[in-house]
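Dear colleague,

I am passing the structure on to you below, together with some notes on what turned up when I went through it. Please read the notes with the model open beside you.

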Amino acid sequence: MLEDYFTKLNTVVSQVPPVLLLLLVVGFGMYKFWKECNVTRKWNTSVFDMFFVSLFFGLLGGRASYIISNWQEFNQYIWYWLPYEKYGDQVFFFRLLPWRFFRIWDWEIQIIVMFVSFVIIGILWVLFVKKWKWSHMYTPIFTTAVIMISLSFVLIGMFVNSLEWFFQGIITLLPLLLLTYLQKNIRKRIIGRKEVRILAVTEIIFLSISVLYFSFSYITAEITKLESISLFVFLGIFIISSIAYIIEVNKANVTIETLSSLDTISGYEIGKDIRFSK
């Protein structure tokens, strides 16, 4: 019965242009990234700049690795200086080289490479461009990447009628949904370093569950050498980033030595919104 329902779902989803499914994944990822960054009170313009730069290079990396892994197929196409061909009344776009290299809207990308590139560029942007605290951006970067991976699995599974892909995406997504609920409750009770540490450990645990599950799913499937390398790079980055997150949270401490070290704060200033620098 489940397979019958899934087949009906596939009949509907398979009629949707792949580019819309890709935009759906990006849209959810952008919303999640913004929500997580909003907790740290970062400026929206800086947040979206980081997201779109990371996404651009993520798509570039995912597409480039797909082309390299399938070069025998691409090598069969001829090169033509116009991005379209016209045969009678029919016009075909981006079918020949070099224009075919840009056809990302058909999901001809390597998903894991795409999101590893997204994470790497995001980390570089945080550390060297914006120079934000890593503890502020660890959760937005990794939850966004893993959510977009899980949604990609779900939508591709529905599109190609693969229950395996669909359930892998759902199982990857479930720990993050539970994490969102726990984050909301823990943040309401944060009054000191103890609660901040609890939040950090909770985020790492639930992210680890999702990351390890989809990594295992990838490893046990037939994947290219580039995908294998990217997967191990992703795991290495995740482990190092999680350790750095814990270390920075443990170091975070504010001590007021004397009252005279503080200026007088007016009632007007107390009512103002607090914003961190860009």
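When the angle between two helix axes is described here, values of 65 to 115 degrees count as roughly perpendicular. Please also keep in mind throughout that this is a predicted model.

With that cut-off in hand, the packing of two helices can be described. Helix α1, which covers residues 2–13, packs against helix α6, residues 134–160, at an angle of about 95°, and their axes are 7 Å apart; α1 and α6 are therefore roughly perpendicular to each other. On the α1 side the contact is made by Phe 6, Leu 9, Asn 10 and Val 13, while α6 contributes Leu 155, Gly 157, Met 158, Phe 159 and Val 160. Sorted by class, this contact of α1 with α6 holds seven nonpolar and two polar residues, and no charged ones.

The next feature is a pair of strands. Strand β1 (residues 84–87) and strand β2 (residues 90–93) run antiparallel and are joined by four bridges, with Tyr 84 standing opposite Phe 93 of β2. The two strands, β1 and β2, form a hairpin that has two residues between them, and in its turn Gly 88 has a positive phi of about 65°.

In the loop between β2 and α5 lies Pro 98, and the peptide bond that joins Leu 97 to Pro 98 is cis, with omega about 0°.

Helix α5 itself, residues 111–130, is made of 20 residues and reaches 27 Å from its first C-alpha to its last, which is close to the 28 Å expected at 1.5 Å a residue. Just after α5 comes Lys 131, which takes a positive phi of about 55° although it is not a glycine. Lys 131 lies in the loop between α5 and α6, and because its relative accessibility is 64%, Lys 131 counts as exposed.

A further residue that is not a glycine, Asn 161, has a positive phi of about 65°. Asn 161 is placed in the loop between α6 and α7 (163–188) and is partly exposed, its relative accessible area being 36%.

If you would like to follow these points on the model, you could begin with the contact between α1 and α6, then turn to the hairpin of β1 and β2, and after that look at the cis bond between Leu 97 and Pro 98.

With best wishes

Definitions and conventions
Residues are numbered from 1 along each chain as its sequence is written. This is a predicted model: local features need pLDDT of at least 70, side-chain atom pairs count only at pLDDT 80 or more; totals for chains, interfaces and linings use all residues. Side-chain values use heavy atoms; hydrogens and water are left out. The expected span of a helix is 1.5 Å times one less than its number of residues. Axes are lines fitted to C-alpha atoms, for helices over the stretch in contact, and angles run from 0 to 180 degrees between N-to-C directions. Angles under 35 degrees count as roughly parallel, over 145 as roughly antiparallel, 65 to 115 as roughly perpendicular and the rest as oblique. Contact means heavy atoms within 4.5 Å. Ala, Val, Leu, Ile, Met, Phe, Trp, Tyr, Cys and Pro count as nonpolar, Asp, Glu, Lys and Arg as charged, and the others, Gly among them, as polar. Two strands pair if DSSP finds at least two bridges between them. Buried means under 20% relative accessible area, exposed over 50%, partly exposed in between (1.4 Å probe, protein chains only).
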